[in-house]
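These are my notebook entries on a single chain, written while I went through the model. I begin with the turns and then move outward to the sheet, two chosen residues and the cysteines.

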Amino acid sequence: MPACPLCASVKTVKNGRIHNGKQRFKCHDCGRQFIEQPTK
């Protein structure tokens with residue numbers, strides 16, 4: 001699993017997909033939702 005970009009925690013889980021099919025993740029420590037390699 002990728003590390004959280006906000007708190008650098010590795011306690012992340014898969015959390016669905018965004019509109020174009022990229023995998024979304026959620027951090028257990030801070031609650032942030034993110035994708036692994038955003039284009040913007």
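Which residue takes a positive phi in the hairpin of strand 1 and strand 2? I looked this up first and found Gly-21, with a phi near 100°, in a hairpin that has 5 residues between the strands. Before going on I noted that this is a predicted model, in which local features need pLDDT of at least 70 and side-chain atom pairs count only at pLDDT 80 or more, while totals for chains, interfaces and linings use all residues. Residues are numbered from 1 along each chain as its sequence is written, and side-chain values use heavy atoms, with hydrogens and water left out.

**Entry 1: the sheet**

I took strands as DSSP runs (E, at least two residues), numbered from the N terminus, and counted two strands as paired if DSSP finds at least two bridges between them. The result is an open sheet of 3 strands in the order 1-2-3, with antiparallel pairing. Strand 1 and strand 3 are its edge strands, each pairing on one side only. The twist from one strand to the next averages 40°, where axes are lines fitted to C-alpha atoms and angles run from 0 to 180 degrees between N-to-C directions.

I then went through the pairs. Strand 1 (residues 12-17) meets strand 2 in the antiparallel sense over 4 bridges, and Arg-17 has Gln-23 as its bridge partner. Strand 2 and strand 3 (residues 33-35) are joined by 3 bridges and also run antiparallel; here Phe-25 is partnered with Phe-34, and Arg-24 stands opposite Ile-35. These two strands form a hairpin as well, with 5 residues between them, and Gly-31 in its turn has a positive phi of about 85°.

Looking at the faces of strand 2 (residues 23-27), I found Gln-23, Phe-25 and Cys-27 on the covered side, and Arg-24 and Lys-26 on the uncovered one.

**Entry 2: Gln-23 and Leu-6**

Is Gln-23 buried or exposed? It counts as buried because its relative accessibility is 18%, and buried means under 20% relative accessible area, exposed over 50%, and partly exposed in between (1.4 Å probe, protein chains only). For polar contacts I required a pair of N or O atoms within 3.5 Å, one able to donate a hydrogen and the other to accept it, with residues adjacent in sequence counted only if both atoms are side-chain atoms. The side chain of Gln-23 makes such a contact with the side chain of Arg-17 at 3.4 Å, and one of its polar atoms lies 2.9 Å from the backbone oxygen of Gly-16. With contact set at heavy atoms within 4.5 Å, and residues up to four places away in sequence not counted, Gln-23 touches residues including Lys-14, Phe-34 and Glu-36.

Leu-6, in the segment before strand 1, is exposed at 58% relative accessible area. Under the same exclusion Leu-6 touches Cys-30 and Arg-32.

**Entry 3: the cysteines**

I searched for disulfides, defined as pairs of cysteine sulfur atoms within 2.5 Å, and the count came to 0. Cys-4 is in none, the nearest cysteine sulfur being that of Cys-30 at 3.7 Å; Cys-7 is likewise in none, with the sulfur of Cys-27 nearest at 3.6 Å. Cys-4 is buried at 4% relative accessible area, whereas Cys-7 is partly exposed at 36%.
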